[in-house]
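Colleague: I have a model to look through, and I would like to start with one small part of it. Please take me through that part closely, and then show me what surrounds it.

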Amino acid sequence: MLIFLLSYLGGILTIMSPCVLPVLPFIFMRADQSFIRSGLPVLLGIAATFTVLASFAVAGGAWLVELTQYGRYLALLLLALLGAALIIPSLSAWLMRPLVALGGHIQQQVDQKTSVKGSLLLGVAVGFLWAPCAGPILGLVLAGAALQGVNLTSALLLLFFAAGAISSLGLALFAGERVLRLLKHGLGGEEWLRRGLGVIVVTCVVAIAMGWDVRFLSKFSFLSTAGIEQKLLDQYVPAPVAAPATDKPMAPSLRGATHWLNAAPLDNEMLRGKVVLVDFWTYSCINCLRTLPYLKAWDEKYRAHGLVIVGVHAPEFAFEYDLQNVSKAVNDLGIRYPVALDNQYTIWNTFNNRYWPAHYLIDAQGRVRHQHFGEGAYEETELMIQSLLKEAGQGVALGKKLSNVTTTGVAVAAVVGRKSPETYLGYSRQENWSSVQRVKRDELARYTLPTKLKLDHWALQGDWIVSPQVIESKAVNGKVVYRFQGRDLHLVLGSQGGKAVRFRVLLDGAAPGPDHGLDIDAQGNGVIQGERLYQLVRQNGELKERTFQIEFLDEGAQAFAFTFG
């Protein structure tokens, strides 16, 4: 019975989480209407959608990820139509015409503000946006459901969590109703108030569709309720039997991931008796990509002997928060071990981690026995894996033979010696800017190249917007030039709206020829297809200072950071 109370409390705490903020305007849309006929159906629709999606998340596979994303798109479309109808009532019928073609009954219910069915439909739509918001308590519920399957108990736990969430949202709606009533009585501005709510709704829809809510809310991870929820769990959930005293610390919690790939949600208790390697990474990080061949080899060699590798994906750039992007990267990179998406940096902060990549080895008793930051030390780490497996009685016949790992492409180790440093292009961490003009933050501006570039300096030419994390070309033939040293040059690239953008690379003013990277041909031609790290240069001869230039033949190109090897 205690776990049901915890689920309810965890749901109540979602009102304090930043991830719930984008749905509040849709709740307050109905604050001035009957709670029974309008507010309550909205809340019930949210709870029902969450419960169904969470249950499918346990029982379903990768196909559900796609279904959920399409559900979000449909929800955003519906909410945008509702917001537009609030702003311009005369256009309501025109805006709803496509829905009339699909079903006049649904449109009739949506247009009737006090319709129970219309409010329920609104709640279902909002539920698609709210469903991913979760903390450690929900993680515990989902983990238990994954172990036991979707049954009456797991469904009831999810319902209790949803009930807690709509209880707190209901209080917010009740307070909002009183505030709106006072405003209308004092100002007589019901029409403008309604239009104002419509503007807020449409703004929120645009923000969610563009991913701005994730970028904004990720800066407020300190507001997360994960700490409060973890204390509740520590207080009420029985702790595992303590291992004999040792000078090695117990491993921090793995709870708090926003999503799991390749496995149901895992936690420390479920992994007790296994040797665990926790790898903090992000898929556009070149240093992380160079460690992957070793991690995959260890997973293949030692999984049957009791090793569990957990990749904790802690995003660096905004596009790495996107579930579809990470899921595609995990598939393309051939990663088969469990991957936790740590979009709120909950696990990262619990481990007090500061690096990509970072490896933590945990023994069968749950103690951290070894850690390494950055690339390298592969032999040392593998020998420690063997030692811990033998301690656990799982690797008696392993010996000390190490994995024979062959690296290719971007995974080849960096050259020893001087190479240019990692260089971020967004103004939040920008260094060595050399365009003639000063940076105009978040504004469209035209930049020109200097007559000469110093080593490790870079410049822009053309029309660009320079943002905190990214620079974006706003016209054709925009250029980025960098004076570098090193064997490899990589650039993290993307594009506005995910469209294909053609580009051409030159080295010292000429086609790169045999020095071209994996993502361009010998003439320097390439295409941005997805947000990721692109290898543009791999030199074969003498390493010396070179001038790199990339020209984007279509507008909308986005560039995040240079890395070298």
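**A close look around Arg-487 and Asp-488**

Modeller: Happy to. Let's begin at Arg-487, which counts as buried because its relative accessibility is 14%, and the cut-off for buried is under 20%. Please keep in mind as we go that this is a predicted model.

Arg-487 has its charged partner right beside it in sequence: it forms a salt bridge with Asp-488, and the closest N and O atoms of the two are 2.7 Å apart. Asp-488 is buried too, with a relative accessible area of 0%. Asp-488 also forms a salt bridge with Arg-538, with 2.9 Å between the closest N and O atoms. Asp-488 belongs to strand β12 (residues 488-495) and Arg-538 to strand β15 (residues 532-538), so this pair ties together parts that are 50 residues apart in sequence. Arg-538 is itself buried, at a relative accessible area of 17%. A further set of charged residues is worth marking on your display: Arg-483, Asp-508, Asp-515, Glu-545 and Arg-546 are joined into one network by salt bridges that share partners.

Now step back along the chain to strand β11, which spans residues 478-484. Of its 7 residues, 6 are buried, so the strand is largely enclosed by the rest of the structure. Which strands does β11 pair with? One of them is strand β9 (residues 458-466), which pairs with β11 in the antiparallel sense over 4 bridges. If you want a landmark for that pairing, Trp-458 stands opposite Tyr-482 in β11. Another is strand β16 (residues 546-552), which runs antiparallel to β11 and is joined to it by 7 bridges. Here the landmark is Val-480, whose bridge partner in β16 is Ile-550. As you follow the side chains, it helps to remember that in a regular strand they alternate between the two faces of the sheet.

For comparison, here is a salt bridge elsewhere in the chain. Glu-391 and Arg-369 form a salt bridge in which the closest N and O atoms are 2.8 Å apart. That pair links distant parts of the chain, 22 residues apart: Glu-391 is in helix α18 (residues 378-391) and Arg-369 in strand β6 (residues 368-373). Arg-369 is partly exposed, with a relative accessible area of 24%.

Helix α18 also holds Thr-381, a buried residue with a relative accessible area of 1%. A polar atom of the Thr-381 side chain lies 2.9 Å from the backbone oxygen of Ala-377. Beyond its neighbours within four places in sequence, Thr-381 is in contact with Leu-277, Trp-298, Leu-361 and His-370.

Asn-353 is worth a visit as well. You will find Asn-353 in the loop between α17 (346-350) and β5 (358-362), and it is buried, at a relative accessible area of 1%. Not counting residues up to four places away in sequence, Asn-353 touches Phe-280, Trp-348, Ala-358, Tyr-360 and Phe-373. The C-alpha atoms of Asn-353 and Phe-373 are separated by 9.4 Å, with their positions 20 residues apart along the chain.

Here is the wider setting. The chain's secondary structure comes to 18 helices and 17 strands, and 51% of the 565 residues are buried. A search of the whole structure finds 22 salt bridges. Among contacts with a separation of 6 or more, 75% are between residues 24 or more positions apart.

Finally, a word on confidence. The mean pLDDT of the chain is 77, and 60% of its residues reach 70 or more. Over residues 99-114, pLDDT stays under 50, and it also stays under 50 over residues 233-245. Where pLDDT is low, the predicted coordinates should not be read in detail.

Terms used: Residues are numbered from 1 along each chain as its sequence is written. This is a predicted model: local features need pLDDT of at least 70, side-chain atom pairs count only at pLDDT 80 or more; totals for chains, interfaces and linings use all residues. Side-chain values use heavy atoms; hydrogens and water are left out. Buried means under 20% relative accessible area, exposed over 50%, partly exposed in between (1.4 Å probe, protein chains only). Helices (H or I, at least four residues) and strands (E, at least two) are DSSP runs, numbered from the N terminus. Two strands pair if DSSP finds at least two bridges between them. A salt bridge is a side-chain nitrogen of Lys or Arg within 4 Å of a carboxyl oxygen of Asp or Glu. A polar contact is a pair of N or O atoms within 3.5 Å; within protein, one must be able to donate a hydrogen and the other to accept it, and residues adjacent in sequence count only if both atoms are side-chain atoms. Contact means heavy atoms within 4.5 Å. pLDDT is the predictor's confidence in each residue, from 0 to 100.
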